[in-house]
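Reader: I have the model open beside me and would like to go through a few places in it with you. Could you keep to what can be read from the coordinates?

Author: Gladly; ask about whichever part you like.

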Amino acid sequence: MSDFREYLSYRRDHLLEQTLEHAQLVLYAIATATVVSVLIAVLVYRRERVAAVALAAVGALFTVPSLALFALMIPIFGLGFRPAFIALTVYALLPILRNTIVGLRSVDSAVIESAQGMGMNRLRRLVKIELPLAWPVIITGMRVSTVMTVGIAAIAAYINGPGLGGDMLEGLARIGAPVALHMVLASILLVVALALLFDLVYLALGKLTTPKGIT
Amino acid sequence: MTAGATSNGDSRALIRLENLSKRFPGQKQNAIDNLSLDIPEGEIVILVGPSGSGKTTTLRMINRLIEPTSGRIFLEGEDVTSVNGDKLRRRMGYVIQQIGLFPHMTIETNIATVPRMLGWDTKRIRTRVRELLDLVGMDPEVYAKRYPKELSGGQRQRVGVARALAADPPVLLMDEPFSAIDPITRARLQNEFLQLQTKIRKTIVFVTHDIDEAIKMGDRIAILDESSHVAQYDTPSTILAAPANAFVEDFIGAGASLKRLNLTHVADVHLLDWPTMPVSAERDSVRAALLRSDKGSVLLVDDARRPQRWVNAMDLEHGSIPLAESGLEAPVMQRTATLYDALNEMLNSLQGATAVVDENGAFCGVIDIETVAAAIRKMREEARLVYRGEGGSPREPALAGAERGGDGDVRGGSDFGGAAPGGGDDFGAAAAGGGDA
Amino acid sequence: MTAIAPSRDVAPGVPARSLAAELEGRTRFAAVLRYATMPLLLTGVSIWLYLYVKGHELDSIEARLLNQDFLVDKLLEHVRLAGFATLAVVAIAVPLGTLLTRPLLRRLTPIAVTVANIGQAIPSLGLIAFFPVVMAQVGFRPALYALVLHTALGVLRNTMVGLDQVDEAVIEAGRGMGMTKLGVLFRIELPLAVPIILAGIRTAVVLNVGSATLGTFISAGTLGDFISIGHALNREAVLITGATLTAVLALGIDWIAGIAERVLRPRGL
């Protein structure tokens, strides 16, 4: 135990850097996935069949095993940050897209109708009424997506991406040495801590950004 | 009231609660405190009281879903306070407000639950399920294989009753069985249930918070105060006429004389004869029937004698409209409905009279607003007698107030505009379906 | 891969679950889309892969890897690992979840659900690395442990949530009719929890098939070997074959699990 503490303090800068890289990768992926998801959702949510097709397609991508998806990035994008970022973005889509569609569809039709009655055009309705009302559901989707992506991002290390996965693979390569356990354990704990931290941030963000009047 | 009301004493107590108390862990006070109650065989006993009076807890102690802290429970003379609870519950039907049909089982399997646990053979269970579905007025061919989600609220409720009756238990415990159903369906289900009870004669303990329902459904009512203290335990008519104390009086609330209309069923009063004609008849023969009678209209009925339309002389003038569409639609009233239901129906339909039908929907007479008025008059007189008899009572019964308000109504009976001479003379003394055997 | 965390999936008060369900499979169209399109797609991809490998001139290394024997070996390793992991998860998590929702332990249910939620944040790669390092052993066993720990929490959680959402009135009715507590559990509570438990198991199967790929890092074989060997030796065809086969396997298993879920769901729900 004291060994482990020693390891943590000795490798503090390295671990911190890896954690920040990991967080950065996740945030980029989530931000991109959110923009893409909201765009897709806005295009499809009013047509049930199109929405079903979009969800089925994104759902199939979600089901592709992570190592396979990361590997398939190599022939196209090579190694490093870019393929890792793209693969993670693809994974992050499903929960956000699903919640955005659901959120937009559950806006009370009476509210939309009255907005229409006041002369709001489609774009204005979407921006001023529907998206704000759907926001709590969307942010929940982002939260689910983020917590999940934090875990998957570890595999990015396999294609030389950034983040805490590097120490896991490194530890594996040093089986038998005491430091192997320290490396693996520290990186696991940091990933879990990062996930919890994100969870809390989303909880707070959700509370702060939810329009007053919606509970 | 008088002759028809069940009198105390001679009927056997099928369930006896003796000094029952319940204290839930962590509470300072008894939720149920020293409750003793005799439930006579074959009667509907209503436990009614405000929320928090412990009526549901009491019911759940009878089948020991809640174990009493102290006291004893007897069923058919046997002390069942500490017998196996699961086996005890198989001897009692249980119907709850949400009904709780098993959503993953067909109606047939739902009803068969207890017989299966009791080890009946398949054939006997099948026959019984069919019999029960018939009994609650649902076609077994149509419904046996359906799932609960495919039924309406009223149908689910009927299946709930059928399921509770499956193994023919002597006792039925019902916890607000009709509360979650819309008012119109509720009234119909209540009437059907009373009809059913005349056939099955179960001993029924029935919990409700609704005093009107209690008056309508109960042979006896136990009005429960806090911790299930029995404020009054008596027949509905006595409770209305002579509330035992201020709590009961408050609980019954205003309009006691109107509530008393719930005590009398349409079947108990004299129904008026009315000229009827088949809806397929010739216009001329209808006109002739109208001329022969002293009434202003004729009731058209179908082949099964189910009422269809009211037509008067004016309607018959419009030769272009087929008979089946002329005149007014004829709303009907079950014989088991109360005078309260009947009055309600007449006020709603703006007709001074309504046709009464039997279980099969066939016409059996007409009740008019004058009959109802006469019944009110009669009850008022009887209530006054009771009131005088209770003269020594420190409190003035609530009825006194209601009466003053009611005077105008009764004197102005003609306001109702009923043409038929008072059927009040024939108003029977029988109250609330009390067993006169 | 439907919701691992149904109750956290959407904001409270929004009837979103039914809507999501509607969009994802309840409507006829979505069902057809899901159940008819997937086999066609997978067949198409498989044929493409076959033609791609066929049309590729294989060198000696590639030829040793891209043949039927090696492929069947790896496929069996993969299915064995994912299959055993799933069986173990069901055998552990469903009884444990049931136990944790019984009245005696009921107070622990929310705690257990929270722990399960946090536990799901543990990365699969971390677990795949953790067990060999701790056990000083590589191969099937540490891989099995990693998969089981990774997916058991989800099934545990769904079992508890599934049992928890059974309508109190239905249980009360069962007890009131004289069913024993065990009778109520087996004839009412568990059948009514089946859809949610099955959804959890389906997620577990698909995750296991996916994570089994990582077994290649700890000498547990599996189709992941194609990926790691292809990557290490810079043989793109091998890597693509591995990645595509894994994807086809996962989607195929998900498809079968989806049908099983539909068939096993009690009628009337």
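Reader: Which residues are exposed on the other side of α6(C)?

Author: On that side of α6(C), I111(C) and T114(C) are exposed, where exposed means that 12 or fewer other C-beta atoms lie within 10 Å of the residue's own, buried means 20 or more, and partly exposed is in between, with C-beta atoms placed from the backbone. Before going on I should say that this is a predicted model, in which local features need pLDDT of at least 70 and side-chain atom pairs count only at pLDDT 80 or more, while totals for chains, interfaces and linings use all residues. Residues are numbered from 1 along each chain as its sequence is written, and chains are lettered from A and ligands numbered from 1 in the order in which they are written.

Reader: And which are the buried residues of α6(C)?

Author: In helix α6 of chain C, residues 109–119, the buried ones are V113(C), A116(C) and N117(C). They cover an arc of only 100° around the axis, which puts them on the same side of α6(C); the arc is that of the directions from the helix axis to the C-beta atoms. As background, an α-helix has 3.6 residues a turn, so residues three or four places apart point the same way.

Reader: What do the buried residues of α6(C) pack against?

Author: Their partner is α8 of chain C, residues 140–164. Helices here are DSSP runs of H or I with at least four residues, strands are runs of E with at least two, and both are numbered from the N terminus.

Reader: Let's move to where chains A and C meet; how many residues are in contact there?

Author: On chain A 51 residues are in contact with 52 residues of chain C, a contact being two residues whose C-beta atoms, placed from the backbone, lie within 7 Å. Six helices of chain A, namely α3, α4, α5, α7, α8 and α9, each supply at least two residues of the side that touches chain C. The largest share of that side, eleven residues, comes from α3(A).

Reader: How do the residues on that side of chain A divide into nonpolar, polar and charged?

Author: They divide into 35 nonpolar, twelve polar and four charged. Ala, Val, Leu, Ile, Met, Phe, Trp, Tyr, Cys and Pro count as nonpolar, Asp, Glu, Lys and Arg as charged, and the others, Gly among them, as polar.

Reader: What is chain A built from?

Author: Chain A has nine helices and zero strands, and its C-alpha atoms fill a box of roughly 70 × 40 × 20 Å along the principal axes. Of its 215 residues, 50% are buried.

Reader: How many helices and strands are there in chain B?

Author: Chain B has 16 helices and 17 strands, and 45% of its 437 residues count as buried.

Reader: I keep looking at β16(B); which strands does it pair with?

Author: Strand β16(B), residues 353–357, pairs with β15(B) in the parallel sense over three bridges and with β17(B) in the antiparallel sense over five bridges, where pairing requires that DSSP finds at least two bridges between the strands. On the β15 side, M333(B) has V356(B) as its bridge partner, and on the β17 side T354(B) stands opposite I367(B). Five of the five residues of β16(B) are buried.

Reader: What links β16(B) to its neighbours?

Author: Together with β15(B) and helix α14 (residues 339–349) of chain B, β16(B) makes a right-handed β-α-β unit; right-handed means that, with the strands pointing away from the viewer, the path from the first strand over the helix to the second runs clockwise. With β17(B), β16(B) forms a hairpin with five residues between the strands, and G361(B) in that turn has a positive phi of about 85°.

Reader: Which residue that is not a glycine has a positive phi of about 50°?

Author: That is D168(B), which sits in the loop between α6 and β7 of chain B. Because D168(B) has 12 C-beta neighbours inside 10 Å, D168(B) counts as exposed. S227(B) also has a positive phi, near 55°, without being a glycine, and its place is the loop between β9 and β10 of chain B. With 19 C-beta neighbours inside 10 Å, S227(B) counts as partly exposed.
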